[in-house]
Amino acid sequence: MMRVYFDHNATTPVAPEVLAAMLPYFSEEYGNASSIHTFGQRGRGAVEQARESVAALLGARPAEIMFSSGGTESNNHAIFGVVGAASGERKHVITSAIEHSAVLDPCEALQRRGVAVTVLPVDREGLVNPEDVRRAIRPETVLITIMLANNELGTLEPIEEIGKIAAETGVTVHTDAVQAAGKVPIDVTRLGVHLLSISAHKLYGPKGVGALYVRKGTRLEPLMYGGHSERDRRPGTEDVPGIAGLGKAAELAMMRMKEERQRIAALRDRLEKGLLERVPYARVNGSRAHRMPNTTNLTFPFVEGEAMVIALDLQGIACSTGAACSSGAVKPSHVLTAIGLAPEDARATLRLSLGHQTTNEEIDYALDTIPPVIERLRQLSPTYKKPVTAPAR
Ligand SMILES: *Cc1c(COP(=O)(O)O)cnc(C)c1O
């Protein structure tokens, strides 16, 4: 049996080069980056080198990069930080229905504190309409937070157009680029964003470290208090090994992106096409024109996503479902609901996300393994009838 990892949007393995870059800072190079002696200065050097690498990946200046504990913290910091720093009694935030919970939950918390929040819908492909953003802007709007790439569908949102619309009225724009970073080119100036979140573990770096791009001049309150690191924005002793790892991951991503993008997209397309051909009634969700190269999200009617994940795991294939199990009940994903999927279809959905170590052999194995697993599970469904011939598509 092969072991195939198709869950790179959940997390990625640490690249060997990244691990090598981190190791010295756990042992001989243990200085506190804020100390002025040689031990400290070597840690400081690693942190500042990483800042340059992350800035280069995003088209930013090093001084505009703040390190954090990951995507969740970066998103929380951007949202609470901008709203907290904004003046005025009435405040309004615009977001979308398909954001990660690390954006939606902070927005809900703000709502409980009296901030008005507009949650924009998406179309059937999972795309936000920039004109909806324009119409939602009010005099008291202080922040627009819309993701660059969706983690479930892989859909790439029109942030550049949203940035242009925001610039006309001077509203601050944040984008959650945790999924996009390392997979598609990012240029903060071209996107027109003031804040952008990334996370190391989604791009072959370690878990528990991330960064927030903060455009020079953006007003931002700290999330925590307790020291002067990261230009007074983020207290606490720097995670030097983690930050060095993020820096190396950013460097590798820049070097490999162009080639890897094409290679992974070709593998993804072959997997997707093969599954559509071999599994009756299978459908692809999300935009195929505006999509990350590594992700496919497919609905296989008549089967439960969770049952598929478990059955595929037994065959060595790791993937995830669009449904989240909360308090024992399988709740359909808010992303799939937002694109108009019926609850039973949302529950019959799998996300397959490929990565750097995905091979042609793994795609062959998946194409041989997944269709019979689904057919076997479908035999248990009282409503499923196997088509006599493959349906026309
Ligand atoms: C994984 C993810 C996050 C959370 O990042 P962590 O570093 O795991 O906290 C936020 N947004 C998106 C889109 C993600 O995929």
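The lining of the largest cavity comprises nine nonpolar, six polar and four charged residues. The model is a predicted one. This cavity encloses about 170 Å³ of space. Its lining counts 19 residues. Of these, G182, K183, Y204, I264 and H356 lie nearest the centre of the cavity. Two domains contribute to the lining. Domain 1 (4-11 + 258-378) supplies at least three residues, and domain 2 (16-252) likewise supplies at least three.

The structure holds two cavities of 30 Å³ or more. The second largest has about 40 Å³ of space. Its lining is formed by A15, L203, Y204, A249, L252, A253, R256 and H356. By class, six of these residues are nonpolar, one is polar and one is charged. Y204 and H356 thus appear in the description of both cavities: each is among the residues nearest the centre of the largest cavity, and each lines the second largest.

Helix α8 covers residues 240-278. A straight helix of 39 residues would span 57 Å at 1.5 Å a residue. The end C-alpha atoms of α8, however, are only 48 Å apart. The helix carries a kink of about 60°, centred on M257. R256, a lining residue of the second largest cavity, directly precedes M257, the centre of the kink. The N-terminal end of α8 is capped by D239. There, a side-chain oxygen of D239 lies 2.9 Å from the backbone nitrogen of G242.

Pockets were examined as well as cavities. The second largest pocket has a volume of about 370 Å³. Helices α6 (159-169) and α7 (188-191) are the elements that give two or more residues to its lining. The largest share, three residues, comes from α6. In total, 16 residues line this pocket. L148, L156, E157, R190 and L191 lie nearest its centre. The class composition of the lining is 10 nonpolar, one polar and five charged residues.

Notes
Residues numbered from 1 in each chain as written. Predicted model: local features only at pLDDT ≥ 70, side-chain atom pairs only at ≥ 80, totals over all residues. Heavy atoms only, no water. 1 Å grid on protein atoms, 1.4 Å probe; cavity = no way out; pocket = protein on both sides within 12 Å on 5 of 7 lines; lining within 4 Å. Points joined across faces, edges and corners; volume = space filled by probe spheres on them. Nonpolar A, V, L, I, M, F, W, Y, C, P; charged D, E, K, R; others polar. Domains from an automatic or database assignment. Helix = DSSP H or I, 4+ residues; strand = E, 2+ residues; numbered from the N terminus. Expected span 1.5 Å × (residues − 1). Bend = angle between axes of the 7 residues up to and from the residue. Polar contact = N/O pair within 3.5 Å; in protein donor to acceptor, adjacent residues only side chain to side chain.
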